2 protein chains.
Amino acid sequence: MLNFTYHNPTAIVFGRGTIAKLPELIPAADRVLLIYGGGSIKRNGVYEQVREALQDRTMVEFGGIEPNPRYETCLRAVELCRREQIDFLLAVGGGSVIDGTKFIAAALKYAGDEPWDLVKDQAPIHAAAPFGAVLTLPGTASEMNGTAVISRESNQQKLFFSSPHTFPKFSILDPEVTYSLPPRQSANGTIDTFVHVLEQYLTYPVDAPLQDRFAEGILLTLLEEAPKIQADPHNYDARANLMWCATHGLNGLIACGVPEDWASHMIGHELTALYGVDHGRTLALVMPRIMRHQRARKRGKLLQYAARVWGLRDGDEDARIDEAIQRTESFFHSLGVSTAMSDHGVPPEAARLVAERLAARDMRLGEHADLGPDQVEEILRL
Amino acid sequence: MLNFTYHNPTAIVFGRGTIAKLPELIPAADRVLLIYGGGSIKRNGVYEQVREALQDRTMVEFGGIEPNPRYETCLRAVELCRREQIDFLLAVGGGSVIDGTKFIAAALKYAGDEPWDLVKDQAPIHAAAPFGAVLTLPGTASEMNGTAVISRESNQQKLFFSSPHTFPKFSILDPEVTYSLPPRQSANGTIDTFVHVLEQYLTYPVDAPLQDRFAEGILLTLLEEAPKIQADPHNYDARANLMWCATHGLNGLIACGVPEDWASHMIGHELTALYGVDHGRTLALVMPRIMRHQRARKRGKLLQYAARVWGLRDGDEDARIDEAIQRTESFFHSLGVSTAMSDHGVPPEAARLVAERLAARDMRLGEHADLGPDQVEEILRL
C-alpha cells in the first residue's frame, strides 16, 4: 500500500425528506445565494422544497449554470455575490452546478486579478466561501470532494482544480429527487461512477485488498441496481443505492494508498470541449479503448476485475480479459450508450486533435504518467 | 436503506514515516500535552519519533492512561492541562489512550461540576479541546470516530459517550509502529475489528448492498491478513491492511443507513468491568453466543455471511449457519483466543450478574432494542 492522506470533512445528510433539514445546516444569519442550472429543479419540485425549507432566510438566486459550467457564467455569479453581500452558497443540482459553485466560492476569496488562474495554473486556493449542496443528479461525486471541472468558452478549454477548501460543508442526498431524471442523465451518472471506480482500481496491484474490495463493491452494486432503475424509475432503494455508490466513486476513499489512472477522464474532457459530447458518454468511449491498449500493463488487475466483477475465473486468461472488456461495453450499451465514436459525432481526426491538445499542455497520462500524444492517438484510433 | 447522516472530519495521515508530519498538523504556537499509556511507546521507538518531530514545541507529558481508561486518571490529566495552560492534546497509543484523551478534551470544556455526567447521563458535549492521535494499536477505530469508553473504578462502571466534537483533528497511522505489538494485543485488535463489523452487518436486510459489500470486504481482508502477521510480524502490507480495516470497522462508514446491534459490546463491557477481561476477548466470548441465540432473527444476514465471507453456498441452510458460526469461532481460536467463558476467568454466575447490571440501567439490547435481562442471561449461559 502507498502512503496517503485522507480528509473528507463534508457532512452527508441522506434520505427521504432531508431537504427540510436545510435550516439546521446553514447559519441562521447568512445571506444565501441559491445556485442552479437550467431550471429542471423548478419542474421536479426540488426548488419548491428548498424555498419552503429556507422561507425565513434572506436568499438571492442565480440560475443558468450550464452542463460543463462555464467560467464566464461563474464570473457573473461572483459579481452578484459581491453586490448582494452573500455569505453562503447553496448549489442545487448535479455535478455541474456543484462544480460551478466551487469555482464561485474560490473566486470570491481569490486575491489575484484573473480567477481563471485558479484553473489554468492550478494556483493554490487559500480560502473559499462556505457552500452546501442539494444533489439532484448522482454521478460526479462533486457533492463529497474538493474537485471541480470548469470550461472556458473563449478558448474551448475544460480544466479541473482541486482544493481542501472547496469541499461542501454539507450535501443533502434525497434519492426521491432523482425519480424524474431523464434516462439519458441517469445513464450518464451511472457510467461516470463506473469509470471513476475503474480509474482508481484498474491500474496495477499494490497489495491494497480493502481498497480493491470497496471498489469491486461499488461496481457490483452498480451492475445490480442500474437495471432496477430502468425497470422502475421510482424504486427508492435502487435510487438510494446508486446515489451512495456515486458518492463513493470519487470521494477519495477508494483512492487511498493506490495508484490512479485518469487517462479516460483527461481524454474525455477534450472530447467534451471539442465536440460537446456528454461527460459520461466520453468515458464510455474512452475507457474500453484504454483497457484494450493498456491490457498488458493492467493485466493483473484486469484478471481480478474479470474474476470478481464478472465471475470469469476459468479458462484462458486472455479470453477472460477480452470477455470482461466486452461485458463492460455491453453494460454501457444496456444503458443506451453507444461505444462507437461516430455515434457521438466524434470524427476520425479527433484522435490527432486530442493528442495535440494534451501535448500542448505537456500532459503525460495514466498511472505511470507516460502516455504521450502518440499513445493517446493510438487509443482513440482503436 | 434507512436515512442517515455521515460526517467524519478526521484527517488520516497513513504510511511509513508519517510521525514526522506532526509539526504540520499541530498549530505552531500551541502548548501540547503528550498523553500515553503504560510506557510501551518508550520501548518501541514511537516516543522518540514524536519527541524528535516536535522538538521545537512546548510539550508537557502525561503517562499512565490504563487499558480501559479510568475516569480518576483522566481527571488528573484535566488538572494538569489547566495548570499548564495546554492548547492541544496529542494521544500516542491505542484505543484506550485515544478514548481517555477524548474524555479529557471534553471535560476541559465542560461547564458542569462533575464531568462523569458526560458519560453517565450522556450529557450533551458542546465543545472539546482540539486533539490529534498517533495510533499504535489498531482495533477500536477511536482514531477516526467521536466515541470513547471510560471506566470508573469507584463503582466498577464502564460506559461510553459519543459526540461530533470529540473526533480527532488528525490521526497518524504508521503501520511500522505496530511491528512490535505483542501477539495478544494484535489478536485483540483483530477480533475487535471483526466484531465491530458484525455489529453493523449481522442484523436484518434493508436493501443496502454497498454497505454490505464494504462490511464483507473488511471481514474477508481481516481473514486474509491476520495469518500473514502471525507468520511475519514485520510484514508491512499486512500490518497496513489490518490497520486500514480497523479504522473502517468503526468510523461510521459501514453503519450508514443500516440497523446496528451492539449487544456483544454492551455485554462485553460488563464482563470487562466485572472481571477485567480484555475488551477483544469479551467480544470473542459474546458474539458467537449472540449469533446462536438470535439465529432466527438474523437468519437472512447469517446466510449471506456464510455465503460471502465463508463461501458456504450449498446444502442445508441451517447447516451453513452452524458452519459459519463455527468458523467464526475457529478464526478467534486461530488468533490464540478461547471462546470458553472459564478460560477467561468468567464464572457461571456472570450471566445473572451482567443481566442485572444492564437491567439496572434499563438497557434493551440488539438491533430491535428488545433483548432484556432474561435474554442476556440466556445468551451468556449458552
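User: Which residue is the bridge partner of A:Phe4 in β2(B)?

Analyst: In this predicted model, A:Phe4 has B:Phe14 as its bridge partner in β2(B). That pair belongs to the contact between β1(A) and strand β2 (residues 11-14) of chain B, where the two strands run antiparallel and are joined by three bridges.

User: And what sheet does β1(A) end up in?

Analyst: β1(A) belongs to an open sheet of seven strands with mixed pairing, whose order is β1(A)-β2(B)-β9(B)-β6(B)-β5(B)-β3(B)-β4(B). The edges are taken by β1 of chain A and β4 (59-62) of chain B, each of which has a single partner strand, so one side of each is left without a neighbour in the sheet. On average, and with direction ignored, neighbouring strands in this sheet are turned by 15° against each other.

User: Where does β1(B) go, then?

Analyst: β1(B) stands at the end of another open sheet of seven strands, ordered β4(A)-β3(A)-β5(A)-β6(A)-β9(A)-β2(A)-β1(B), again with mixed pairing. Its edge strands are β4 (59-62) of chain A and β1 (4-6) of chain B, and each of these pairs on one side only. Within that sheet, strand β6 (residues 131-135) and strand β9 (residues 170-173), both of chain A, pair in the parallel sense over three bridges, and A:Ala133 has A:Ser171 as its bridge partner in β9(A).

User: How are the two chains related to each other?

Analyst: A turn of 180° with a shift of 0.0 Å along the axis lays chain A on chain B with an RMSD of 0.0 Å, which is the relation of a two-fold axis. In chain A, the C-alpha nearest that axis belongs to A:Pro9, at 2.1 Å from it.

User: How many residues does each chain bring to the contact, and which elements of chain A supply them?

Analyst: Chain A and chain B each bring 30 residues to the contact. On the side of chain A that touches chain B, β1 (4-6), β2 (11-14), α8 (209-231) and α9 (236-249) each supply at least two residues, and α8(A) gives the most, with nine residues. Sorted by class, this side of chain A has 16 nonpolar, nine polar and five charged residues.

User: Do the copies meet through the same surface or different ones?

Analyst: They meet through the same surface, because 100% of the interface residues of chain A are also interface residues in chain B.

User: Back to the sheet that ends in β4(B). What packs on it?

Analyst: Taking the strands before the helices, strand β3 (residues 32-35) and strand β5 (residues 88-93) of chain B run parallel and are joined by four bridges, with B:Leu33 standing opposite B:Leu89 in β5(B). Helix α4 (residues 71-84) of chain B packs on the sheet, where it touches β3 and β4 of chain B and has a direction that makes about 165° with that of β4(B). Helix α5 (residues 95-108) of chain B lies across β3, β5 and β6 (131-135) of chain B, and runs at about 165° to β5(B).

User: What about β7(B) and β8(B), what do they form?

Analyst: β7(B) and β8(B) form a hairpin with four residues between them, and B:Gln156 in the turn has a positive phi of about 50°. Strand β7 (residues 147-152) and strand β8 (residues 157-162) of chain B pair in the antiparallel sense over six bridges, and B:Ile150 stands opposite B:Leu159 in β8(B).

User: Switching topic: what does the domain assignment give for chain A?

Analyst: The assignment gives domain 1 (11-177) and domain 2 (183-381) in chain A, and the C-alpha centres of these two domains lie 26 Å apart. Between them, 18 residues of domain 1 are in contact with 22 residues of domain 2. On the domain 1 side of chain A that touches domain 2, β7 (147-152) and β8 (157-162) each supply at least two residues, and by class that side has eight nonpolar, seven polar and three charged residues.

User: Last one: how many helices and strands are there in chain A, and how compact is that chain?

Analyst: Chain A has 15 helices and nine strands. Its radius of gyration is 20 Å, close to the 21 Å that the globule rule gives for 382 residues, so chain A is as compact as a globular protein of that length. Taken along the principal axes, the C-alpha atoms of chain A fill a box of roughly 65 × 45 × 40 Å.

Conventions
Residues are numbered from 1 along each chain as its sequence is written. Chains are lettered from A and ligands numbered from 1 in the order in which they are written. This is a predicted model: local features need pLDDT of at least 70, side-chain atom pairs count only at pLDDT 80 or more; totals for chains, interfaces and linings use all residues. Two strands pair if DSSP finds at least two bridges between them. Two residues are in contact if their C-beta atoms, placed from the backbone, lie within 7 Å. Ala, Val, Leu, Ile, Met, Phe, Trp, Tyr, Cys and Pro count as nonpolar, Asp, Glu, Lys and Arg as charged, and the others, Gly among them, as polar. Copies are superposed by least squares on the C-alpha atoms of residues with pLDDT of at least 70 in both. Domain bounds come from an automatic or database domain assignment. The radius of gyration is taken over C-alpha atoms; the globule rule is 2.2 Å times the number of residues to the power 0.38. Axes are lines fitted to C-alpha atoms, for helices over the stretch in contact, and angles run from 0 to 180 degrees between N-to-C directions.
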